[in-house]
Amino acid sequence: MGVAAADAQFHVLAVDDSLIDRKLIERLLKTSSYQVTTVDSGSKALEFLGWHEDEINNLSSTSRFPKNQVVQVNLVITDYCMPGMTGYDLLRKIKESSSLRNIPVVIMSSENVPSRITRCLEEGAEEFFLKPVRLSDVSKLKPHIMKTRSWHDTEEGPEKIEKHESLSSPPRPSEYEKSEETSLQILAQSQPQPHYDQTTQSSNNNSNNKRKSMDEGLPSPERTRPRYNDLTLVSN
């Protein structure tokens with residue numbers, strides 16, 4: 001079963017010098033509801049992607065694509081062994097381009113050479129499929145294609161997605177509380193604070209104690225304190 005019809009917007013560029021293999025991968029991709037463009041060389045693939053138009057003209061004297069064509073490609077799947085420019089060379093060109101490096105690249109080959117597979121994966125290839133490519137292999141493309149969908153939606157590239165999400169997300173409640181608390185602290189610090197010296201405060205405390213004693217009908221501590229300084233003892 002192919003991918004849902006909603007994914008028909010995804011565009012895959014298939015590169016293979018073999019007509020039979022090109023037709024096979026095209027049929028598998030269309031069965032999975034992808035839009036497909038096929039080319040037979042790496043130079044034509046770069047031309048279609050819009051990579052360095054002046055250099056592309058030196059690689060190919062004839063062009064089947066109009067100049068200044070803007071094409072959104074979500075994934076490139078290319079054969080490894082091709083005359084002129086190999087799939088590995090195409091992979092490097094794409095990853096070295098500031099405008100194309102975010103496009104996922106998948107390599108295909110009829111030869112199972114571990115060193116070749118490792119080299120392609122280290123250079124940035126997302127997958128390495130052995131030919132003949134099967135429908136189960138095509139089903140692995142969707143996660144890589146979804147990456148480019150997010151980048152095109154933001155129109156800023158992957159390095160801007162995190163910043164875009166942080167700006168569009170509302171602040172957390174704790175941030176509101178922290179901001180409010182800071183504002184209250186600043187307001188409190190700006191208010192003039194009354195100044196009391198120790199003598200004034202002590203005098204106020206004594207006055208309050210005397211008033212409390214009079215209200216309760218009790219003698220104040222000063223009135224109940226015995227005074228012996230001015231008394232003279234008289235003996236009988």
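**A walk around a five-stranded sheet**

Hello everyone, let me begin with one residue: Asp79 is buried, because its relative accessible area is 6% and the cut-off for buried is under 20%. You will find Asp79 in strand S3. Please keep in mind that this is a predicted model.

So who are the neighbours of Asp79? Leaving aside residues up to four places away in sequence, Asp79 touches Val15, Asp16, Asp17, Gly87, Met108, Ser109 and Lys131. There is also Arg22, which is 57 residues from Asp79 in sequence, with the two C-alpha atoms 9.2 Å apart in space.

Now let's step back to the sheet. In what order do the five strands run? The order is S2-S1-S3-S4-S5, in an open sheet with parallel pairing. At the edges are strand S2, residues 35-39, and strand S5, residues 127-130, and each of these pairs on one side only. From one strand to the next, the twist averages 20°.

Let's look at the S5 side. Strand S4, which covers residues 105-109, pairs with S5 in the parallel sense, and four bridges join the two. If you want a spot to zoom in on, take Ile107, whose bridge partner in S5 is Phe128.

Two helices deserve a mention here. Helix H1, residues 19-31, packs on the sheet and touches strand S1 (11-15), S2, strand S3 (75-79) and S4. The direction of H1 makes about 170° with that of S2. Helix H5, residues 114-123, packs on the sheet as well, touching S4 and S5. For H5, the direction makes about 150° with that of S5.

Over to the S2 side. S1 and S2 pair in the parallel sense over five bridges, and Leu13 stands opposite Thr37 in S2. Is S2 mostly covered or mostly uncovered? S2 is mostly covered, with four of its five residues buried.

Just before S1 there is a segment that holds Phe10. Phe10 counts as buried, because its relative accessibility is 2%. From Phe10 to Val36 it is 26 residues in sequence, and 8.6 Å in space from C-alpha to C-alpha.

Next, helix H2, residues 42-49. Why do we call H2 largely enclosed by the rest of the structure? Because seven of its eight residues are buried. Those buried residues are Gly42, Ser43, Ala45, Leu46, Glu47, Phe48 and Leu49. Just after H2 comes Gly50, which takes a positive phi of about 85°.

A quick word on aromatic rings. How many aromatic pairs does a search of the whole structure find? The search finds zero. There is, however, a charge over a ring to look at: Arg119 lies over the face of Tyr88, at 4.2 Å from the ring centre.

Finally, let's talk about confidence. The average pLDDT of the protein is 74, and 50% of the residues score at least 70. Over residues 54-63, pLDDT stays under 50, and the model has nine contacts for that stretch beyond four places in sequence. Residues 163-169 are also below 50, and that stretch has two contacts in the model beyond near neighbours in sequence.

To close, let's go back to where we started. Asp79 is buried and sits in strand S3, in an open sheet of five strands. Thanks for listening, and do have a look around the structure yourselves.

Methods:
Residues numbered from 1 in each chain as written. Predicted model: local features only at pLDDT ≥ 70, side-chain atom pairs only at ≥ 80, totals over all residues. Heavy atoms only, no water. pLDDT = per-residue confidence, 0-100. Contact = heavy atoms within 4.5 Å. Pairing = 2+ DSSP bridges. Axes fitted to C-alpha atoms, helices over the stretch in contact; angles between N-to-C directions. Phe/Tyr/Trp six-rings, centres within 6.5 Å; stacked < 30°, edge-to-face > 60°. Lys NZ or Arg CZ within 6 Å of the ring centre and 35° of its normal. Buried < 20%, exposed > 50% of the residue type's maximum accessible area, 1.4 Å probe, protein only.
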